Amino acid sequence: MTIADRWLLPDGMDEVLPPQASRMEELRRALLDLYYRWGYDQVMPPPVEFLDSLLTGTGTALDLQTFKLTDQLTGRLMGVSADVTPQVARMDAHSMRHQGPARLCYCTNVLRAKPDQSQGGRSPVQVGVELFGHAGLEADLEILRLALNSLKIAGANDVHLALGHSGIYRSLAAAAELNHEQERALFAALELKSPGALARQIEDSVRDPALAGMFHALGQLHGGAEVLDSAEEALAGAPATVVEALAKLRRLHQGVSRDHPEVSCYFDLAELRGYQYHTGMVFGAFVPGYGQALAKGGRYDDTGRAFGRARPATGFSMDLKLLATLVQSEPACDGIWAPTTGEGLDAAIAKLRDSGQRVVQALPGQETLPEAHRCDRRLVLGDAGWRTEPLPR
């Protein structure tokens, strides 16, 4: 390995430098304060867990994204957390066991075995909230509102909210009595947005002509709020659960439009991201210039079943690193430059720092100027003691 190679980072891993690190910390505090005001309690999941716990329930979809290692104490396989949601679900089901709704939030590093276009890099700082114990639409609407408020705090403009409902496809697949292989094949065709592939799978798998027509329509039902009107017509005669899902989407749209009229809503009834564990509403929030959702989430009921306590659940997550890039600003030049020595200097510096001021004290032999350390004032000794004054320009 050459000296130059020693500075290389693995693909997908990155370091955060000033001023971006400060921006991330400011945003982390602002978001956790927001969640606190909404009644969410912060949790801190461990970075590593035993694999059979980490990949249980919603975590089964994360197997290929999970770094695995052997615990030197027990010999059991462990995994590095690739997604906080399954861990928080375990906390609710096993560690906390609250009666009634539980609101939890978090902000922590996760590690992924490979980059994912919809999830960002391999080492995101995941921040999000989870609401357990309430199956109603009100909980889903709270999660949507909180996600949009989070993006507003981060400085997002021109937000586009994509909404779907995984229950629509699940209900149609159950009504068509598809086996697991047929359901997955039809799912793949819908994901590809390929009319030809979808038509072939429907012809091979769906015997009922009415249901076949609904599957064909499902691939075309995407666009603005008018899609919900089209869906009610195209899916007339579908199982009652489909009708209920469409009604929920309409009410969610009404709630978002009321509280966030500046947000554009888009509907895709064939959106099946996270189909393995999502059971109801799914959403992603996008802004121009970013090829992936800045916030994504939805409903994933019964996720705690694997831990002995099935509970309704809904939530969302974001990558703090990505959010912090929404606002690009120069770091503030607001520090106070202090000399190396002087009578009573230490006490004067301590008083300023205790009051919240940023004070940078020169080191012996230092050649860099105060401006290089983001200082716009200096500490000088006068007749009345130490005082601050603007740096000469």
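This passage looks at two strand regions of a predicted model, beginning with strand 12 and its partners and then turning to a four-stranded sheet and the helix packed on it.

Strand 12, which spans residues 313-319, makes a good starting point, as it is mostly covered: seven of its seven residues are buried. In a regular strand, side chains alternate between the two faces of the sheet. In strand 12, Ala313, Gly315, Ser317 and Asp319 point one way, while Thr314, Phe316 and Met318 point the other way, and all are buried.

Strand 12 pairs with strand 6 and with strand 11. Strand 6 (residues 125-132) runs antiparallel to strand 12 and is joined to it by seven bridges. With strand 11 (residues 295-299), the pairing is again antiparallel and extends over five bridges. Gly315 is a handy residue to follow here: this glycine is the bridge partner of Glu130 and also the bridge partner of Gly298.

Further along the chain, four strands form an open sheet in the order 14-13-15-16, with mixed pairing. Strand 14 (359-361) and strand 16 (385-390) lie at the edges, each pairing on one side only. From one strand to the next, the twist averages 35 degrees. Within this sheet, strand 15 (residues 375-382) pairs with strand 16 in the antiparallel sense over six bridges, and Gly382 stands opposite Gly385 of strand 16.

Helix 12 (residues 345-354) packs on this sheet, where it touches strand 13 (335-338), strand 14, strand 15 and strand 16. The direction of helix 12 makes about 150 degrees with that of strand 14.

Notes:
Residues numbered from 1 in each chain as written. Predicted model: local features only at pLDDT ≥ 70, side-chain atom pairs only at ≥ 80, totals over all residues. Heavy atoms only, no water. Buried < 20%, exposed > 50% of the residue type's maximum accessible area, 1.4 Å probe, protein only. Helix = DSSP H or I, 4+ residues; strand = E, 2+ residues; numbered from the N terminus. Pairing = 2+ DSSP bridges. Axes fitted to C-alpha atoms, helices over the stretch in contact; angles between N-to-C directions. Contact = heavy atoms within 4.5 Å.
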